[in-house]
Amino acid sequence: MNFNEISRLENKFEEFLKVYCKEQREIILYGAGLGSDWAMRLLSNVKIKPSKIAAQQGGGGIRNNLKIISYDELLREYNKKPVYIIIASPRYEREILENFSKDFDSKDIFSFECELYYSYIHNISQFREWLREKEKELYKLYKKLEDNLSKKTLENVLKGRISGNLQFFQEVFVQEQYFPKDIIKLGSEEVFCDVGAFNGDTTKEFLEVTKGNYEKIYCFEPDKKACMDLINSIKSKNHIEIIQKGA
């Protein structure tokens, strides 16, 4: 594996910024979930403000002070108007691009991992430099990994972080990433700490694996909106304490 080659991969967020700087247009976020929150935060870091949020199923609501419109409204208002569309749910990028291709130019549609660059990698150039500086150490780690899947996972995670392309992460994603049955055996006395609980997705996985038979769950989540989603998601479950703090 060549870490220098990985460090030179094109970045999808940087590509969008180059296009936007050449020709500024209105920006529509597609997807009205938490992904749109991360997109708003990331774009605000570079002084860019979207105009609206579009969603497949209806509109009329408000999120982050932006009007939510339906796809039909998006089509009527912007089909013949210059606009950039940012997919706020990149995990559905392929399906969304297929749906949009008949109505919009694919060159005006962008998709990148917003949470990654807002929360973890604030300077892509510095991350590229770090990767080059740590090439020897990373290669030693790569050689120590016993199986091909582990090696592929390391490679794809680095590629995904450099490029912002979710496909690299999807290629090595495993469904049972936290509670693999061949490694972890969970019993009725388990105390689970979900540190960075987000909207409760991992906690719900723990509940499913244990079939609700556990001692206690502690969920730590500092983000107010994510914490509200977390509360609504698992409020009917017992022996769960939600702590709105980081850890």
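## Helices over the six-stranded sheet

Let's start with helix H5 (residues 93-100), which lies across E1, E5 and E6 and runs at about 150° to E5. Keep in mind that this is a predicted model. The strands under discussion belong to an open sheet of six strands, and if you walk across that sheet you meet them in the order E3-E4-E2-E1-E5-E6, with mixed pairing. At the edges sit strand E3 (62-63) and strand E6 (109-111), and each of these pairs on one side only.

Now zoom in on one edge. Strand E5 (residues 83-87) pairs with E6 in the parallel sense, over three bridges. Want a spot to click on? Try Ile-86, whose bridge partner in E6 is Phe-110.

Another helix to look for here is H4 (residues 71-78). Helix H4 lies across strand E1 (26-30), strand E2 (52-55), strand E4 (66-70) and E5, and its direction makes an angle of about 100° with E4.

## Two helices that pack against H9

Next up is a group of helices. Two packed helices are described by the angle between their axes and the distance between the axes. Helix H7 (residues 124-133) packs with helix H9 (residues 148-163) at an angle of about 150°, and their axes are 10 Å apart. An angle over 145 degrees counts as roughly antiparallel, so that is the label for H7 and H9. On the H7 side, the residues in this contact are Ile-124, Phe-127, Arg-128 and Leu-131, and they meet Leu-158, Arg-161 and Ile-162 in H9. Sorted by class, that makes five nonpolar, no polar and two charged residues.

Helix H8 (residues 135-144) also packs with H9: the two axes come within 8 Å and cross at roughly 150°. H8 and H9 are therefore roughly antiparallel to each other as well. Here Leu-138, Leu-141 and Tyr-142 in H8 meet Lys-151, Leu-154 and Leu-158 in H9. The class count for this contact is five nonpolar, no polar and one charged. Leu-158 is worth a second look, as it turns up in the contact with H7 and in the contact with H8.

## The three-stranded sheet

Further along the chain there's an open sheet of three strands, in the order E7-E8-E9, with parallel pairing. Strand E7 (191-195) and strand E9 (240-243) stand at the edges with a single partner strand each, so one side of each has no neighbour in the sheet. From one strand to the next, the twist averages 10°.

Strand E8 (residues 216-220) runs parallel to E9, and four bridges join them. Cys-219 is a handy place to see this, since its bridge partner in E9 is Ile-242. Two helices lie over these strands. H11 lies across E7, E8 and E9, running at about 160° to E7, while helix H12 (residues 224-234) lies across E8 and E9, running at about 170° to E9.

## A closer look at Thr-203

Let's finish with a single residue in helix H11 (residues 201-210), namely Thr-203. Is Thr-203 buried or exposed? Its relative accessible area is 0%, so Thr-203 is buried.

What surrounds Thr-203? Leaving aside neighbours within four places in sequence, Thr-203 is in contact with Phe-192, Asp-194, Ile-217, Cys-219 and Ile-234. With Asp-194 there is also a polar contact, side chain to side chain, at 2.7 Å. And yes, the Cys-219 in that list is the residue that has Ile-242 as its bridge partner in E9.

How values were computed. Residues numbered from 1 in each chain as written. Predicted model: local features only at pLDDT ≥ 70, side-chain atom pairs only at ≥ 80, totals over all residues. Heavy atoms only, no water. Axes fitted to C-alpha atoms, helices over the stretch in contact; angles between N-to-C directions. Parallel < 35°, antiparallel > 145°, perpendicular 65-115°, else oblique. Contact = heavy atoms within 4.5 Å. Nonpolar A, V, L, I, M, F, W, Y, C, P; charged D, E, K, R; others polar. Pairing = 2+ DSSP bridges. Buried < 20%, exposed > 50% of the residue type's maximum accessible area, 1.4 Å probe, protein only. Polar contact = N/O pair within 3.5 Å; in protein donor to acceptor, adjacent residues only side chain to side chain.
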